[in-house]
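Subject: A structure for you to look at

Hello,

Here is the structure I promised to pass on to you. Please open it next to this message, and then read on for what turned up in it.

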Amino acid sequence: MNNQDLPTLKYIGKSASVAPIVSEKTNPAAIKFHKDGRLFVCYLGDFKTTGGIFATNEEGEQFEEIVSELNTEYCIDDMVFDSKGGFYFTDFRGYSTKPLGGVYYVSPDFKSITPVIQNISVANGVALSTDERVLWVTETTTNRLHRIELEEDGVTIAPFGATIPYYFTGHEGPDSCCIDSDDNLYVAMYGQGRVLVFNKKGYPIGQILMPGRDEGKMLRSTHPQFIPGTNQLLICTNDIENGSEGGSMIYTINGFAKGHQSYQFQ
């Protein structure tokens, strides 16, 4: 793998003065924008049965339950929209010998939930290829990367389409992921202070190391995301193992290609 082709990470900030969105939901895990402009928030709940997804407008008002904890048993960690306005989400349950997690598709009218892949252990990150025919999923506690080729309906797996092109090593495992406009995949490695980069077939082509990693700092790299239409990759990480000396950071670096200019940001 090559970690020399990317420039040095730049520090963006430790904190910012922003208006908070106040919700009674616990353990928020990911945020995504719907094409209508609303912010969708995944939350893990009690890490067992009380996770869900809610939506709100840009002012942090008019809350709507999209996937309600009242009638489901999901622990939702991440999600990705398709161009139709439906979305895939990951169920963050189970452990290495009890795979309770999976990936599900919610229809554009939010009325139906269809399983895509089940019986995996702590489904975490999820990303959709630029043509929306390949779904990437990271499985945290078994250190696996899933590449799922989909039929046109977006939920049926193509013949021989579900594969595991890469097995990660070490503790704690892969976290969230995203793609660029060349369909390269970026996977944050939780507890390892780095982001691994794969091509569209799942072969590793590079890595990005967090500053201070060799000294045991900023190891909890959790989420990579491009600013659409630019080559600027943002990486979320934190350092809570170091107590009061730690914190949460956002770093930026140029990716291998520009971020995918999806319908969500047009």
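Below are my notes, starting with confidence and then going through the sheets, the core and the aromatic rings.

Please keep in mind that this is a predicted model. The protein chain has a mean pLDDT of 88, and 88% of its residues reach 70 or more. Two stretches call for care: pLDDT stays under 50 over residues 1-8, where the model has 20 contacts beyond four places in sequence, and also over residues 11-17, with 14 such contacts. Where pLDDT is low, the predicted coordinates should not be read in detail.

Now to the sheets. One open sheet is built from four strands in the order β2-β3-β4-β5, with antiparallel pairing. Its edge strands are β2 (28-33) and β5 (64-67), each of which pairs on one side only. From one strand to the next, the twist averages 30°. Within this sheet, β3 (residues 39-43) and β4 (residues 52-56) run antiparallel and are joined by five bridges. If you would like a place to start looking, Y43 has G52 in β4 as its bridge partner.

Another open sheet of four strands follows the order β10-β11-β12-β13, and its pairing is antiparallel too. Here β10 (123-128) and β13 (157-167) stand at the edges with a single partner strand each, so one side of each is left without a neighbour in the sheet. The twist in this sheet averages 20° from one strand to the next. Strands β11 (residues 134-139) and β12 (residues 144-150) run antiparallel, with six bridges between them; V134 has E149 in β12 as its bridge partner.

There is also a hairpin to look at. It is formed by β8 and β9, with six residues between them, and F110 in the turn has a positive phi of about 65°. Six bridges join β8 to β9 (residues 113-120), and the two strands run antiparallel. Y105 takes part in this pairing, with T114 in β9 as its bridge partner.

Which residues touch the most other members of the largest nonpolar core? They are F40, I53, I66, V67, M79, F87 and F89, out of 16 residues in that core. Strands β3, β4, β5, β6 (76-81), β7 and β8 each supply at least two residues, and β6 gives the most, with three. I66 makes a good viewpoint: leaving aside neighbours within four places in sequence, I66 is in contact with R38, F40, I53, F54, A55, F87 and F110.

Finally, the aromatic rings. The structure holds 15 aromatic pairs. In one of them, the rings of Y88 and Y105 have their centres 4.8 Å apart and their planes at 55°, so the pair is tilted. Y88 lies in β7 (residues 87-91) and Y105 in β8 (residues 101-106), so the pair ties together parts that are 17 residues apart in sequence. Are these two tyrosines, Y88 and Y105, buried or exposed? Y88 is buried, with a relative accessible area of 2%, and Y105 counts as buried at 6%. Elsewhere among the rings, F40, F81, F87 and F110 form one aromatic cluster.

Enjoy exploring, and do write back with any questions.

Best wishes

Note on methods. Residues numbered from 1 in each chain as written. Predicted model: local features only at pLDDT ≥ 70, side-chain atom pairs only at ≥ 80, totals over all residues. Heavy atoms only, no water. Phe/Tyr/Trp six-rings, centres within 6.5 Å; stacked < 30°, edge-to-face > 60°. Buried < 20%, exposed > 50% of the residue type's maximum accessible area, 1.4 Å probe, protein only. Pairing = 2+ DSSP bridges. Axes fitted to C-alpha atoms, helices over the stretch in contact; angles between N-to-C directions. pLDDT = per-residue confidence, 0-100. Contact = heavy atoms within 4.5 Å. Core = buried A, V, L, I, M, F, W, Y, C linked by side-chain atoms within 4.5 Å.
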